[in-house]
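Student: Can we go through this model together, a few questions at a time?
Tutor: Sure, take a look first.

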2 protein chains.
Amino acid sequence: MSGVMQARNLEGKSKEILLKALALKSIEDLPKIQEDVSNKTIVILKVTPLAQKSLEELKSSVEQLYEFATSVGGDIARLGDERVVITPPGVRIWRGLQ
Amino acid sequence: MSGVMQARNLEGKSKEILLKALALKSIEDLPKIQEDVSNKTIVILKVTPLAQKSLEELKSSVEQLYEFATSVGGDIARLGDERVVITPPGVRIWRGLQ
């Protein structure tokens with residue numbers, strides 16, 4: 001593959017945003033989630049599996065995700081009772097009236 | 001406002017993607033949702049309000065949204081039992097194994 005083609009592929013990849021629905025089962029899932037968000041992926045995280053296991057671990061996980069999202073210039077918000085949405089920079093969560 | 005500033009503002013707006021959580025209460029909500037997606041907004045749509053009113057209207061609405069998302073080069077997928085996600089072009093929904 002030529003250098004020009006590589007550059008085009010890299011450019012193409014960097015433009016596309018991915019949206020993933022994932023389940024949070026353990027605080028050990030956080031590094032992978034944070035890596036996804038760093039790679040321009042929006043993560044819709046179902047937190048009920050961890051909520052059923054440990055509310056303490058859930059609380060700590062959400063705090064860590066909040067700090068992470070804020071520090072990278074992304075965004076984070078609850079979605080109903082079961083989910084949290086974490087976005088990379090460039091994707092802002094709308095908090096308007098409905 | 002000068003033409004240069006306007007151009008900068010337009011450029012800034014076009015780069016940012018918005019993510020909105022909305023509720024689908026009627027098939028009459030579709031034009032606004034489609035307008036949002038056309039304006040680079042990801043819509044996470046809670047469909048239970050319409051499901052409780054009319055399953056026929058829900059079915060028709062989801063079919064219309066599917067056709068719309070496909071026609072504009074966006075993406076659409078269910079999120080659990082209560083929600084549907086519709087994305088504009090440039091945002092792809094990941095359908096990997098978990």
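**Strands, partners and a two-fold axis**

Student: In which sense do β2(A) and β4(A) pair, parallel or antiparallel?

Tutor: Strands here are DSSP runs of E with at least two residues, helices are runs of H or I with at least four, and both are numbered from the N terminus. Two strands pair if DSSP finds at least two bridges between them. β2(A), residues 41–46, and β4(A), residues 83–87, have four bridges, with A:L45 opposite A:V84. The sense of that pairing is antiparallel.

Student: Before we go on, what kind of model is this, and how do I read the labels?

Tutor: Residues count from 1 along each chain as its sequence is written, while chains are lettered from A and ligands numbered from 1 in the order they are written. Local features need pLDDT of at least 70, side-chain atom pairs count only at pLDDT 80 or more, totals for chains, interfaces and linings use all residues, and the model is predicted.

Student: What pattern does chain A follow along the sequence?

Tutor: Start with the tally: chain A has four helices and five strands. Put them in sequence order and you get α-β-α-β-α-α-β-β-β.

Student: Which residue of β2(A) stands opposite A:L18?

Tutor: β1(A), residues 17–23, runs parallel to β2(A), and six bridges link the two. Look across from A:L18 into β2(A) and you meet A:T41.

Student: How many residues of β2(A) are buried?

Tutor: Buried means 20 or more other C-beta atoms within 10 Å of a residue's own, exposed means 12 or fewer, and partly exposed is in between, with C-beta atoms placed from the backbone. A:T41, A:V43 and A:L45 point one way, A:I42, A:I44 and A:K46 point the other way, and all are buried. For the strand, that count is six of six.

Student: And what share of the residues of chain A is buried?

Tutor: Chain A has 98 residues in total. By that cut-off, the buried share comes to 28%.

Student: Why is A:A77 called partly exposed?

Tutor: A:A77 sits in β3(A), residues 75–79. Contact means C-beta atoms, placed from the backbone, within 7 Å, and beyond its neighbours within four places A:A77 is in contact with A:V85 and A:I93. It's partly exposed because its number of other C-beta atoms within 10 Å is 16.

Student: Now for chain B. Which residue of β5(B) is the bridge partner of A:L18?

Tutor: β1(A) also pairs with a strand of the other chain: three bridges join it to β5(B) in the parallel sense. In β5(B), the partner of A:L18 is B:R92.

Student: Which element of chain B gives the most residues to the side that touches chain A?

Tutor: Across the chains, 20 residues of B are in contact with 20 of A. On chain B, β1, β2, β4 and β5 each supply at least two residues of that side. With seven residues, the top giver is β1(B).

Student: What relation links the two chains?

Tutor: Superposing by least squares on C-alpha atoms of residues with pLDDT of at least 70 in both, a turn of 180° with a shift of 0.0 Å along the axis lays chain B on chain A at an RMSD of 0.0 Å. So the relation is that of a two-fold axis.

Student: What percentage of the contact residues of chain B recur in chain A?

Tutor: Both copies use the same surface. The figure is 100%.

Terms used: Contact = placed C-beta atoms within 7 Å.
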